[in-house]
Amino acid sequence: MLRKFNKRSFDKVFTRCEDPWRYSTSDYEKTKYLRQLEAIRKFSPQPQSILEISCAEGVFTDILSQAFPQAKITGVDISQIAIERAREKYKDRPNITFIEADAIQFVCRDLPSQQRFDVIIQSESLHYIFARLVFQRKLRSYWREIANRLEKEGIFVTAHAINIQTRFVLLTCYSILEKLCQQVWKAKYREWSDFRRRRIKYDVRVFRRVSAH
Ligand SMILES: C[S@@+](CC[C@H](N)C(=O)[O-])C[C@H]1O[C@@H](n2cnc3c(N)ncnc32)[C@H](O)[C@@H]1O
């Protein structure tokens with residue numbers, strides 16, 4: 001499991017083809033991005049700073065940069081190939097910075113201590129980092145760091161397909177997050193995925209930081 005979801009394995013996925021999960025062409029993914037955007041607009045209408053963890057080739061990062069041109073947006077992904085493509089594709093977006101990094105190290109170690117965000121997003125990737133979080137005994141500290149990295153009233157947004165691989169991971173992460181933040185949005189959807197050729201159930205959640213720094 002740990003080896004399956006490491007940097008090498010994701011680089012392999014991105015080497016095999018461009019946009020491996022069809023993020024830029026699938027209507028299912030577009031709808032999922034729009035639902036996340038809608039949630040951000042509702043709870044943080046004018047964010048100045050956004051962090052997208054596991055941004056892949058930057059499809060949603062780009063949507064965010066157009067929706068919130070005033071915001072400084074940071075996209076992070078473990079795959080060097082994905083980040084290189086994102087940098088190339090969106091080099092004309094002055095408000096985006098792409099960083100190649102492992103989410104756990106980036107959040108728990110690399111982020112400068114004073115840096116905070118109005119919005120942090122991490123979608124379709126919690127199941128990839130979960131085993132390592134448990135193995136490294138960082139499950140709670142990861143979520144504590146995420147909560148601490150939110151500005152006052154800042155929000156954490158997440159969207160994931162619900163299936164046998166993700167259900168336990170999501171419930172565990174949400175239950176930890178609920179102790180650190182207030183869950184302000186929870187919506188379930190079921191939509192046709194042209195890529196998977198079946199209807200897929202996914203949820204979108206928003207957690208808001210409650211305590212002051
Ligand atoms: C299924 S894609 C999701 C892309 C994007 N979040 C979205 O919803 O459009 C999963 C992404 O997570 C990234 N990823 C996996 N493990 C990671 C880690 N430990 N740190 C950062 N990114 C990671 C992969 O490289 C891949 O780009």
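Helices and strands are here taken as DSSP runs, a helix having at least four residues and a strand at least two, numbered from the N terminus. On this basis the secondary structure of the chain, in what is a predicted model, comes to eight helices and seven strands.

The chain has 213 residues and a radius of gyration of 16 Å, which agrees with the value near 17 Å for a compact globule. Along the principal axes, the C-alpha trace spans about 45 × 40 × 35 Å. Buried residues make up 35% of the chain. Of the contacts with a separation of 6 or more, 73% are between residues 24 or more positions apart.

Strand β5, residues 150-161, is paired with two other strands. Strand β4, residues 117-122, runs parallel to β5 and is joined to it by four bridges. Within this pairing, valine 119 has isoleucine 155 of β5 as its bridge partner. Strand β7, residues 198-209, runs antiparallel to β5, and seven bridges join the two. Here the bridge partner of phenylalanine 156 is phenylalanine 207 in β7.

Several of these residues recur in the nonpolar interior. In soluble globular proteins, nonpolar side chains tend to be buried together. The largest nonpolar core of the chain has 48 residues, and those with the most contacts inside it are Ile50, Val119, Ile120, Ile146, Ile155, Phe156 and Val157. Helix α6 gives the most to this core, with five residues. Beyond its neighbours within four places in sequence, isoleucine 155 is in contact with Phe43, Ser44, Val119, Leu150, Val206, Phe207 and Arg208. Val119, its bridge partner, is thus among its listed contacts.

The ligand is surrounded by 21 residues, of which the closest are Phe10, Ser54, Ala56, Ile78 and Ala103. By class, this shell has 14 nonpolar, four polar and three charged residues. Three helices, α3 (59-67), α5 (103-110) and α6 (126-135), each supply at least two residues of the shell. Helix α6 therefore takes part both in the shell around the ligand and in the largest nonpolar core.Arginine 197 is found in the loop between β6 (181-193) and β7. Arginine 197 counts as exposed because it has 7 C-beta neighbours inside 10 Å, the limit for an exposed residue being 12 or fewer. Isoleucine 63 is 134 residues from arginine 197 along the chain, and the C-alpha atoms of the two are separated by 25 Å.

Key
Residues are numbered from 1 along each chain as its sequence is written. This is a predicted model: local features need pLDDT of at least 70, side-chain atom pairs count only at pLDDT 80 or more; totals for chains, interfaces and linings use all residues. Two strands pair if DSSP finds at least two bridges between them. A residue is near a molecule or strand if its C-beta atom, placed from the backbone, lies within 6 Å of it. Ala, Val, Leu, Ile, Met, Phe, Trp, Tyr, Cys and Pro count as nonpolar, Asp, Glu, Lys and Arg as charged, and the others, Gly among them, as polar. A residue is buried if 20 or more other C-beta atoms lie within 10 Å of its own, exposed if 12 or fewer, and partly exposed in between; C-beta atoms are placed from the backbone. A nonpolar core is a set of buried Ala, Val, Leu, Ile, Met, Phe, Trp, Tyr and Cys residues joined through C-beta atoms within 7 Å. Two residues are in contact if their C-beta atoms, placed from the backbone, lie within 7 Å. The radius of gyration is taken over C-alpha atoms; the globule rule is 2.2 Å times the number of residues to the power 0.38.
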